[in-house]
Amino acid sequence: MPFLKKPQTSEPLVKVWDKKAQKCGLHHTVYSANGDQYRGEWLDNKKHGKGMQVWKKAGIIFDGDWSRGKRNGYGLLAKFDPEKKEYVRVYAGCWKNDKKEGAGRYFYSPSAFYEGHWSRDQRAGWGRMEYENGDVYEGEWLEDKHHGQGVLILANGNRYVGTWRDGKKNGHGRFFYLDRGQLYEGFWVDGVAKGGTLSDFERETAPSPTMYPIPKVCLLDPQSVLMEAQSYLTDDGENSTVAS
């Protein structure tokens, strides 16, 4: 009778035994073969409830809420700092399906952080970002970029108040040159000012005001200027129609 080999499973025995364990409830630290470890609550062999996971190779710790093996709810994320020889906080906030979702604060460095709303691991909604160079943005976000209404305050005090799209100034906005006491108000396209007006603004209290104030421009007959502009636009539209 020929010798029949015992069929081998495609999974390592460690994983097979782990599935058969069917861990439920609170358990002490469970170690993985790669050095990772988890201590907390389980349900049907999945992390569920309160628990702390350590990813040894990445040097990351998560302590918070779990649901069916994924981070869901509130939790703290920390990463090992080789210089300080300790774990430092990276993110504190809400999670959904293993991704940052909802309100939370993320620390990019000791001097740079974001506080606001997240959607699928990206800054989205209303939030405030403080950058390492001292700049501060507060307003709307979409897919990790300034998008919508927002205020950018530069480290020197100058600021832009207006509309953003894809991380750049787009639409109507005002730029306050508080260092020299001037205000630009106009329209922007992809971060470039395309048309507007420049006027003095709190020039008397500016730290480095311009040598001379901007003279006021007065039209003797503003109505005729308006009519001429409207006529030009009408003629230009007709010419464009004929040309097309």
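Helices here are DSSP runs of H or I with at least four residues, strands are E runs of at least two, and both are numbered from the N terminus.

**Entry 1: the whole chain**

I noted before anything else that this is a predicted model. With the terms settled, I looked up the secondary structure and got 2 helices and 15 strands for the protein chain. Next I asked how much of the chain is buried. Of its 244 residues, 28% are buried. I also looked at how far apart in sequence the touching residues sit. Taking contacts between residues at least 6 apart, I found that 9% join residues at least 24 apart.

**Entry 2: strands E12, E13 and E14**

I went to a run of paired strands. Strand E12 covers residues 159-165 and strand E13 covers residues 168-177; they run antiparallel and are joined by 6 bridges. I picked out one bridge, in which Trp 164 has Lys 169 in E13 as its partner. E12 and E13 form a hairpin with 2 residues between them. In that turn I found Asp 166 with a positive phi of about 55 degrees.

E13 also pairs with strand E14, residues 182-189, again in the antiparallel sense, and this pairing has 7 bridges. Here I looked up Phe 175, whose bridge partner in E14 is Tyr 184. The hairpin of E13 and E14 has 4 residues between the strands. Gly 181 is the residue I marked in it, with a positive phi near 75 degrees.

**Entry 3: Gly 162**

I stayed in E12 for this one, since Gly 162 lies in that strand. Is Gly 162 buried or exposed? Its relative accessible area is 6%, so I put it down as buried. Which residues does Gly 162 touch, leaving aside neighbours within four places in sequence? I listed Gly 148, Gln 149, Gly 150, His 172 and Gly 173. I also checked Gly 162 against Trp 188, which is 26 residues away in sequence; their C-alpha atoms are 9.4 Å apart.

**Entry 4: His 146**

His 146 sits in strand E11, residues 145-153. It has a relative accessible area of 10%, and because the cut-off for buried is under 20%, His 146 counts as buried. I found a polar contact of 3.0 Å between the side chains of His 146 and Tyr 131. Leaving aside neighbours within four places in sequence, His 146 is in contact with a list of residues that includes Tyr 131, Tyr 137, Glu 140 and Trp 141. Also on that list are Trp 164, Arg 165, Asp 166 and Gly 167. I recognised Asp 166 from the E12-E13 turn.

**Entry 5: Glu 138**

Glu 138 is in strand E10, residues 136-142. I read 33% relative accessibility for Glu 138, so it counts as partly exposed. Arg 128 is the partner I followed up. Glu 138 and Arg 128 are 10 residues apart along the chain, with 4.3 Å between their C-alpha atoms. Their side chains are joined by a polar contact of 3.2 Å. Not counting residues up to four places away in sequence, Glu 138 touches Trp 126, Gly 127, Arg 128, Gly 150 and Val 151.

**Entry 6: Leu 26**

I jumped to strand E1, residues 25-31, where Leu 26 is found. Leu 26 has 69% relative accessibility, and since exposed means over 50%, Leu 26 goes down as exposed. Outside its neighbours within four places in sequence, I found Leu 26 in contact with Gly 40 and Glu 41. Leu 26 and Arg 39, 13 residues apart in sequence, are 8.1 Å apart from C-alpha to C-alpha.

**Entry 7: the second largest pocket**

I looked up the second largest pocket and noted a volume of about 240 Å³. Which strands each supply at least two residues of its lining? They are E5 (70-81), E6 (86-96) and E7 (99-109). E7 gives the largest share, 4 residues. Among the lining residues I saw Lys 79, Phe 80, Asp 81, Arg 89, Tyr 106 and Pro 110. The lining divides into 7 nonpolar, 1 polar and 4 charged residues.

**Entry 8: the loop between E6 and E7**

Asn 97 lies in the loop between E6 and E7, and I found Asp 98 in that loop too. Asn 97 is not a glycine, yet it has a positive phi of about 55 degrees. Asp 98 is not a glycine either, and its positive phi is about 75 degrees. Asn 97 counts as partly exposed at 46% relative accessibility, and Asp 98 counts as partly exposed at 29%.

Definitions and conventions
Residues are numbered from 1 along each chain as its sequence is written. This is a predicted model: local features need pLDDT of at least 70, side-chain atom pairs count only at pLDDT 80 or more; totals for chains, interfaces and linings use all residues. Side-chain values use heavy atoms; hydrogens and water are left out. Buried means under 20% relative accessible area, exposed over 50%, partly exposed in between (1.4 Å probe, protein chains only). A polar contact is a pair of N or O atoms within 3.5 Å; within protein, one must be able to donate a hydrogen and the other to accept it, and residues adjacent in sequence count only if both atoms are side-chain atoms. Contact means heavy atoms within 4.5 Å. On a 1 Å grid over the protein atoms alone, a cavity is a set of points where a 1.4 Å probe fits but cannot get out, and a pocket is an open set with protein on both sides within 12 Å along at least five of seven lines; lining residues have an atom within 4 Å of a point. Grid points are joined across faces, edges and corners, and a volume is the space filled by probe spheres set on the points. Ala, Val, Leu, Ile, Met, Phe, Trp, Tyr, Cys and Pro count as nonpolar, Asp, Glu, Lys and Arg as charged, and the others, Gly among them, as polar. Two strands pair if DSSP finds at least two bridges between them.
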